[in-house]
Amino acid sequence: MKITTKISSLLIFVLTSSIISAQTNSELNKEVEVIKEYQPSISDAYKISSNPVIRDTNNYTPNFLYNIYSSDIEIDKNINHFPVVKLSSPPREKSNTGYAKAALGNALTPYGELIINTSPARNTDFGVHFYHFSSRPNIKLNNEQKVKAPYSNNMARIFMKNYFRKSVLEWDVKYKRDRVNYYGFPDDTLAYNQHKRDSEHYNSKQAFNNASASLNLHNINRRSKLDYNVGLNYNYFWNNTGQSEHHANYNGAFTRRYRTHQLVLNTTFDYYLKNNIEHNFDPSLTNHQFFNAEITPEYHINKDIFEMKAGFNLSTLIDADSTLMWHISPKIYFAYHPIKGVMTVFAGTDGGFKHNNYSSMVSQNPYVDYNTDFKPSEEVFQI
């Protein structure tokens with residue numbers, strides 16, 4: 001009975017396993033057609049818009065302490081020797097060391113001029129200048145008589161410049177001689193006879209000699225806010241008829257620069273002494289001297305299309321033949337450039353003392369009476 005039961009159970013197990021295996025193999029070999037793609041979806045969820053914040057009523061400021069501990073780091077010091085590199089300098093242009101001019105005109109009129117300059121140096125420039133111009137014309141007077149009227153102009157000059165680190169010193173020594181002949185009266189007139197009796201120099205040669213020396217020191221440092229230009233001059237004049245004149249002069253200009261404007265102070269001092277010239281009021285006096293001082297503060301502003309200078313002249317004249325004189329006048333200058341470099345519209349005011357000295361007068365008219373006394377004049381106001 002037990003054996004029959006065990007055999008029946010075994011047959012049932014084997015039969016069942018074969019049936020399941022057959023079914024499984026038949027299902028795995030089937031083809032399946034997907035009609036619609038699978039699209040998963042999730043249900044709506046509640047979203048928190050912001051993170052929770054805990055508000056703390058107590059403020060706390062942390063304190064930080066920083067400590068830097070410095071220490072030397074020993075390194076090896078090695079000197080590397082590089083080869084010397086020679087830079088080639090551009091060729092130096094040959095400078096002009098002077099020139100010479102010569103000419104000859106009618107009425108036997110020779111002309112010659114010579115300038116010699118040393119080659120430009122780092123610290124000093126030096127040169128000489130010579131000049132000659134003369135003529136020997138004949139002048140026909142009113143009585144058809146021809147008289148000789150020769151004249152000549154001669155000049156010799158030495159000049160030098162010394163360059164320093166921030167300034168330049170210029171000095172100049174010059175001698176000038178101008179010669180003329182007195183003429184102009186016909187022989188058959190009363191004026192000629194009277195002039196011949198009164199004058200010892202009629203138809204004689206008159207020569208005007210002028211020796212001068214000057215020094216000038218000015219700033220060349222463009223970075224400096226204070227510019228200066230100071231000059232000293234001395235001039236000695238004498239002629240063949242015995243007149244002479246001494247003139248000493250000082251000029252100083254000091255400028256304080258800002259961006260677009262400047263403050264300028266000009267100072268001038270002059271001293272004149274004239275000898276052997278008859279006084280206008282007292283012929284017994286033959287010497288005349290006077291002293292002039294002038295101070296001019298100014299304010300300058302310079303733009304692209306206009307510039308302006310505003311200040312005043314304050315000057316005094318001490319004349320040995322008169323009382324002390326004072327002068328004050330505005331000094332204003334305005335310029336407008338509607339077309340820069342082509343057109344300028346300007347206006348200004350000025351005034352002061354004008355030095356009418358003897359040497360400057362005979363340079364304009366060598367035939368003026370050699371015994372004429374010239375005094376300074378006052379220009380009260382100019383526009």
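Mentor: Two strands pair if DSSP finds at least two bridges between them. Helices (H or I, at least four residues) and strands (E, at least two) are DSSP runs, numbered from the N terminus. The model is predicted, so to speak of local features requires pLDDT of at least 70 and side-chain atom pairs count only at pLDDT 80 or more, whereas totals for chains, interfaces and linings use all residues. Residues are numbered from 1 along each chain as its sequence is written, and side-chain values use heavy atoms, with hydrogens and water left out.

Trainee: How many helices and strands does the chain have?

Mentor: The chain comprises 383 residues, of which 24% count as buried (under 20% relative accessible area; exposed is over 50%, partly exposed in between; 1.4 Å probe, protein chains only). Contact means heavy atoms within 4.5 Å, and among contacts between residues at least 6 apart in sequence, 51% join residues at least 24 apart. The secondary structure amounts to three helices and 16 strands.

Trainee: Over how many bridges do strand 9 and strand 10 pair?

Mentor: Strand 9 covers residues 226-239 and strand 10 covers residues 244-257. Within this pair, Asn-235 of the model faces His-247 in strand 10. The sense is antiparallel, and the number of bridges is 13.

Trainee: Which residue in the turn between strand 9 and strand 10 has a positive phi?

Mentor: The two strands form a hairpin, with four residues between them. A positive phi of about 100° occurs in this turn, at Gly-242.

Trainee: How many residues lie between strand 10 and strand 11 in their hairpin?

Mentor: Strand 11 spans residues 261-275 and pairs with strand 10 in the antiparallel sense over 14 bridges. Along this pairing, Thr-255 has Val-264 as its bridge partner in strand 11, and Glu-245 has Lys-274. The number of residues between the two strands of the hairpin is three.

Trainee: In strand 12, which residue does His-261 stand opposite?

Mentor: Strand 11 also pairs with strand 12, in the antiparallel sense and over 14 bridges. Opposite His-261, in strand 12, is Ile-301.

Trainee: How far from Glu-245 is the nearest side chain of opposite charge?

Mentor: Glu-245 lies in strand 10, and residues up to four places away in sequence aside, it touches Asn-235, Tyr-236, Phe-237, Tyr-272, Leu-273, Lys-274, Asn-357, Tyr-358 and Ser-359. Lys and Arg count as positive and Asp and Glu as negative, while His and the chain ends are not counted. A salt bridge requires a side-chain nitrogen of Lys or Arg within 4 Å of a carboxyl oxygen of Asp or Glu. Glu-245 is buried yet has no salt bridge, for the nearest side chain of opposite charge, that of Lys-274, stands away by 5.2 Å.

Trainee: How many residues apart in sequence are the parts that Asp-172 and Arg-157 tie together?

Mentor: The structure holds four salt bridges, and one of them joins the side chains of Asp-172 and Arg-157 at 2.5 Å, N to O. Because Asp-172 belongs to strand 7 (residues 167-181) and Arg-157 to strand 6 (residues 151-163), the parts tied together are apart in sequence by 15 residues.

Trainee: Is Asp-172 buried or exposed?

Mentor: Its partner Arg-157 is partly exposed, with a relative accessible area of 25%. For Asp-172 the relative accessible area is 16%, and the residue is therefore buried.

Trainee: Are Arg-257 and Asp-227 buried or exposed?

Mentor: The side chains of Arg-257 and Asp-227 form a salt bridge at 2.3 Å, N to O. This pair links distant parts of the chain, with Arg-257 in strand 10 and Asp-227 in strand 9, 30 residues apart. Both Arg-257 and Asp-227 are buried.

Trainee: What relative accessible area does Glu-298 have?

Mentor: Lys-331 forms a salt bridge with Glu-298, and their closest N and O atoms are 3.4 Å apart. Since Lys-331 is in strand 14 (residues 325-339) and Glu-298 in strand 12 (residues 288-302), the pair ties together parts 33 residues apart in sequence. Lys-331 is partly exposed, at a relative accessible area of 26%. Glu-298 is buried, and its relative accessible area is 10%.

Trainee: Which residues is Phe-208 in contact with, leaving aside its neighbours within four places in sequence?

Mentor: One group among these contacts is Phe-237, Trp-238 and Asn-239. The others are Lys-176, Arg-177, Asp-178, Val-180, Val-362 and Pro-366.
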